[in-house]
Amino acid sequence: MKKIPGTYGVAESHSPPPHYDRAPEYDKMKQDRDVMVQMRDGVNLCVDVYRPDAEGKFPALLAFSTANKDLQTPEATEIFGPQPAWSPFWQGVQEAGDTRYLVARGYAHVIGTVRGMGKSEDGPPAQWDHYDLIEWIARQPWCDGNIGMIGISGFAGQQWQAAMQ
């Protein structure tokens, strides 16, 4: 097999690419599941918040689901197992990313579900939900104000929606 520069061959390793050197810093995780976050029009979106069980504020990574967020839990990742570094699902088998991996490296991982799906309430079309949810995260006492988004497939589509707002 010919190796293409800048890519990773099929390796047996389940670790990050060799140039990634951020080691885990936290071994305990706080979990707040099914938190209802009110949008400006009164509709509540349901989110799970995972963060290091430590003092301080952390940058947040938002994964916004077009399906049920309950399919993206750390327990689900454990059931399906890790993916090798070359896999398109490198941050874990789940589309939202591997919560335990992210939290161990000092991130809050927020996984939410769009309105009308899962446990989120339904209502008029979502006009500002991405903006409102990001602002809510920024106001939380555990967040340092830095917020990014993570995820593939439908989660990536939600990132585009947020960018347009």
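E75 is partly exposed, its relative accessible area being 30%. In this predicted model, E75 forms a salt bridge with R33, and the closest N and O atoms of the two are 2.8 Å apart. R33 belongs to strand β1 (residues 29-38) and E75 to helix α1 (residues 74-80), so the contact ties together parts that are 42 residues apart in sequence. R33 is partly exposed as well, at 34% relative accessibility.

The structure holds ten salt bridges. Side chains of opposite charge can pair when their charged atoms come close. Three of the pairs are set out below.

| Pair | N to O distance | Relative accessible area |
|---|---|---|
| R33 and E75 | 2.8 Å | R33 34%, E75 30% |
| R40 and D132 | 2.7 Å | R40 54%, D132 11% |
| D41 and R115 | 2.9 Å | D41 39%, R115 10% |

The second pair brings together the side chains of R40 and D132, with an N to O distance of 2.7 Å. R40 sits in the loop between β1 and β2 (44-52), while D132 is part of helix α3 (residues 129-139), so this salt bridge ties together parts that are 92 residues apart in sequence. R40 has a relative accessible area of 54% and is exposed. D132 has a relative accessible area of 11%; because buried means under 20%, D132 counts as buried.

The third pair joins the side chains of D41 and R115 at 2.9 Å, N to O. Distant parts of the chain are linked here: D41 lies in the loop between β1 and β2, R115 lies in the loop between β4 (108-113) and α3, and the two are 74 residues apart. D41 is partly exposed, with a relative accessible area of 39%, whereas R115, at 10% relative accessibility, is buried.

A further group of charged residues is connected through shared partners. D34, D48, K69, D70 and K119 are joined into one network by salt bridges of this kind.

Turning to the cysteines, the structure holds zero disulfides. C46 has a relative accessibility of 1% and therefore counts as buried. C143, at 3% relative accessibility, is also buried.

Note on methods: Residues are numbered from 1 along each chain as its sequence is written. This is a predicted model: local features need pLDDT of at least 70, side-chain atom pairs count only at pLDDT 80 or more; totals for chains, interfaces and linings use all residues. Side-chain values use heavy atoms; hydrogens and water are left out. A disulfide is a pair of cysteine sulfur atoms within 2.5 Å. Buried means under 20% relative accessible area, exposed over 50%, partly exposed in between (1.4 Å probe, protein chains only). A salt bridge is a side-chain nitrogen of Lys or Arg within 4 Å of a carboxyl oxygen of Asp or Glu. Helices (H or I, at least four residues) and strands (E, at least two) are DSSP runs, numbered from the N terminus.
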